[in-house]
Amino acid sequence: MTTKFSIGFLPLVDAALPILAHVHGFAADEGLRLELVKDVSWATVLDRLLYGHTDAAHMVAPLAIATTLGRGRPAQPLSAPFVLGLNGNAITLKSDLAQQVAPEGALGDPVAVGAALREIAMERKAAGHPLCFGVVHRYSSHNYMLRYWLAGCGIRPDEDVEITTVPPPFCADALEAGDVDGICVGEPWNSVAVERGAGTIVLATAQVWRRGVEKVLAMRESVMESRREEVEALIRALHRAARQFVDPEALLTNAAILARPEYLNADVNLILRALGDRLLLHKGGELIHFPDFMFQYREAANFPWVSQAQWLYSQMLRWDRTPYDPQDEVKVARVFRPDVYRSALTGTDAPLPGASSKVEGSLHQPMVVGTQQGLITLEKNAFFDGRIFDPHDLAGYLAQDSYAK
Amino acid sequence: MRIAIIDESAVRASVMQEGLAQLGDCEIFVITERRGLVRRISEIDADIVLMDLGNPSRDVLEEYFAVSRVLARPIAMFVDDSDEESIGASIDAGVSAYVVDGFAPHRIRSILDLAIRRFHAFSRLQTELSVAQSKLAERESVDKAKRILMQTRGLGEPEAYAELRKTAMNQGKRIAEIADAVVTAHKLIGGAA
């Protein structure tokens, strides 16, 4: 007896886990018949989820939080019991701009690239043509990572540079047409821009925050409550898919599956690069290897740390320029559901951290932490500027940012 | 009242426009171009914006509305959060609506109902069209296969058709499939199609 469970997604490499859980039969093994619903905007993915066309969705993490808080849509509590991946995005600049701020043939150092970019940003602002960057959604990790990096380098988003929304499939067009000077987007869209000769990759978002939360599995809280057993079965299937995702032997097969017309409908070679942490920075260059460009499995990567949601909330306040609200923080902390993750994977060999929150950005070297089955090692999770986010002092963290800066 | 229709399908946009024109007191603006969308929409200053759910630029439009919320005429997402039924129906039909805050709810309802009906009408039209197109293609293929049989085996037209039909029945396939096979085989062995 199988139950139907539908999941909305955008055609991006990090929609991999639900797709692989379906195609490899991991969901079927758990008694679920997944139906994957492809859309082309986050707005539509969200609308289908909110009005019951889908049971769950592949979603940019900040959007799940924004929806819970009623930003952009009437408030509806969403739950994220599983993280579909960390990082996997990059910043691509128009090639002439990239040449001025980044080393050739290698990813730059975020501080050095930022310092060089700042000079150009200020010149452009003075000339009345400020630099413009495209991000995939207002409430996306891309937006927050880009802004965090720019602001940390003394470039004030919205004041010194413009940031606008560009749908991923149009990013290469927008760079080529000169509508934007840079983009922050997931794969395969940076690589598409590179292949078209429209831009050069200068940074991976993993350089901004080594373990930055990216997409989550989101669903209405009421659906999660009423279909709890199926949700836990889905989490087990996704966890199996994550383990399989990082198996080098499965790389080619997985890339071929994702490339299919019904999923990403994209060049299998570009997908293969992302899965293998390989990047071609500029057209005609050589592939470089950037370990953990996408981070899908190790170190309990899929565990929804409440502190990650809280960091995203801090950035939402910072860039929406709205004041801190303790009641909102409670709602935000409830979006990420480590309790459901643990409950689903109890009795398996998946490491289940004992804590639900951690100090983000505090690890500059590997650290051993306790889980229910023993110890796991967490590697560096640092932010590029060395700042530390203590979820118990969100207000204090915010006070460090002068909004006007 | 001013209604903007954003749709990259010019045909569907005109189906919508035609429907909404019945309302009489509406000025309707159609945007089919992706570039410059935000500038156009701000120039039009619409009371209602209709956009198909399959349009990747929805996120761009919503970003613009979110930013322009501070302006004099804030735009609400969709209709109204109390009108679940309308929203559900519009999502089923594949159209989203954005409405200036405070716009008369009964007017919104009638416009949205109309938009939904036009969207459904368009998808029916498309289905009919694709059925008609595939029938046409099938007929062409059967005609070609008949000509090939008539030329290569010296059959008359009724006999050639009977031959195709008999083979189809024997193999449990459709005549069009057999016809396709004949045409392909003929091409492969060097015949003119």
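**Notebook: helix packing, domains and chain contact**

I started with helix 14 (residues 306–320) and helix 15 (residues 326–335) of chain A, which pack at an angle of about 135° with their axes 8 Å apart. That angle makes helix 14 of chain A oblique to helix 15 of chain A. I noted the crossing of helix 14 of chain A past helix 15 of chain A as right-handed. On the helix 14 side of chain A, I listed Val306(A), Ala309(A), Gln310(A) and Tyr313(A) in the contact. On the helix 15 side of chain A, I listed Glu329(A), Val332(A), Ala333(A) and Val335(A). I sorted the residues of this contact between helix 14 and helix 15 of chain A by class and got 6 nonpolar, 1 polar and 1 charged. I keep in mind throughout that this is a predicted model.

**Helix 4 against helix 14**

I then looked up helix 4 (residues 61–68) of chain A, which packs on helix 14 of chain A at an angle of about 70°, the axes being 10 Å apart. Helix 4 and helix 14 of chain A are therefore roughly perpendicular to each other, as angles of 65 to 115 degrees count as such. Helix 4 of chain A brings Ala61(A), Pro62(A), Ile65(A) and Ala66(A) to the contact. From helix 14 of chain A, I found Ala309(A), Leu312(A), Tyr313(A) and Met316(A) facing them. The class count for the contact of helix 4 with helix 14 of chain A is 8 nonpolar, no polar and no charged. Ala309(A) and Tyr313(A) are listed in the contact with helix 15 of chain A and also in the contact with helix 4 of chain A.

**Chain A as a whole**

I counted 17 helices and 15 strands in chain A. The radius of gyration of chain A is 20 Å, and the globule rule gives 22 Å for 405 residues; the two are close, so I entered chain A as being as compact as a globular protein of that length. Its C-alpha trace spans about 65 × 45 × 40 Å along the principal axes.

**Domains of chain A**

For chain A, the domain assignment gives domain 1 (3–85 + 213–266 + 297–339), domain 2 (89–211 + 277–289) and domain 3 (350–400). I took the centres of domain 1 and domain 3 of chain A over C-alpha atoms, and they are 22 Å apart. Their contact takes 16 residues from domain 1 of chain A and 16 residues from domain 3 of chain A. Which helix gives the largest share of the domain 1 side of chain A? I found helix 14 of chain A, with 8 residues. By class, that side of domain 1 of chain A has 8 nonpolar, 5 polar and 3 charged residues.

**Backbone entries in chain A**

I checked the bond between Glu187(A) and Pro188(A) and found a cis peptide bond, with omega about 10°. Pro188(A) sits in the loop between strand 8 (182–186) and helix 9 (189–195) of chain A. Asp277(A) has phi near 60°, a positive value in a residue other than glycine. I located Asp277(A) in the loop between helix 13 (268–275) and strand 11 (278–280) of chain A.

**Chain B**

The domain assignment of chain B gives domain 1 (2–128) and domain 2 (132–188). I have 48 Å between the centres of these two domains of chain B, taken over C-alpha atoms.

The contact between the chains takes 17 residues from chain B and 18 residues from chain A. Helix 3 (58–68) and helix 4 (84–93) of chain B each supply at least two residues of the chain B side. Helix 3 of chain B gives the largest share of that side, 6 residues. I divided the residues of chain B that touch chain A into 7 nonpolar, 5 polar and 5 charged.

Technical notes:
Residues are numbered from 1 along each chain as its sequence is written. Chains are lettered from A and ligands numbered from 1 in the order in which they are written. This is a predicted model: local features need pLDDT of at least 70, side-chain atom pairs count only at pLDDT 80 or more; totals for chains, interfaces and linings use all residues. Domain bounds come from an automatic or database domain assignment. Axes are lines fitted to C-alpha atoms, for helices over the stretch in contact, and angles run from 0 to 180 degrees between N-to-C directions. Helices (H or I, at least four residues) and strands (E, at least two) are DSSP runs, numbered from the N terminus. Angles under 35 degrees count as roughly parallel, over 145 as roughly antiparallel, 65 to 115 as roughly perpendicular and the rest as oblique. A crossing is left-handed if the near helix is turned anticlockwise from the far one by less than a right angle, and right-handed if clockwise. Two residues are in contact if their C-beta atoms, placed from the backbone, lie within 7 Å. Ala, Val, Leu, Ile, Met, Phe, Trp, Tyr, Cys and Pro count as nonpolar, Asp, Glu, Lys and Arg as charged, and the others, Gly among them, as polar. The radius of gyration is taken over C-alpha atoms; the globule rule is 2.2 Å times the number of residues to the power 0.38.
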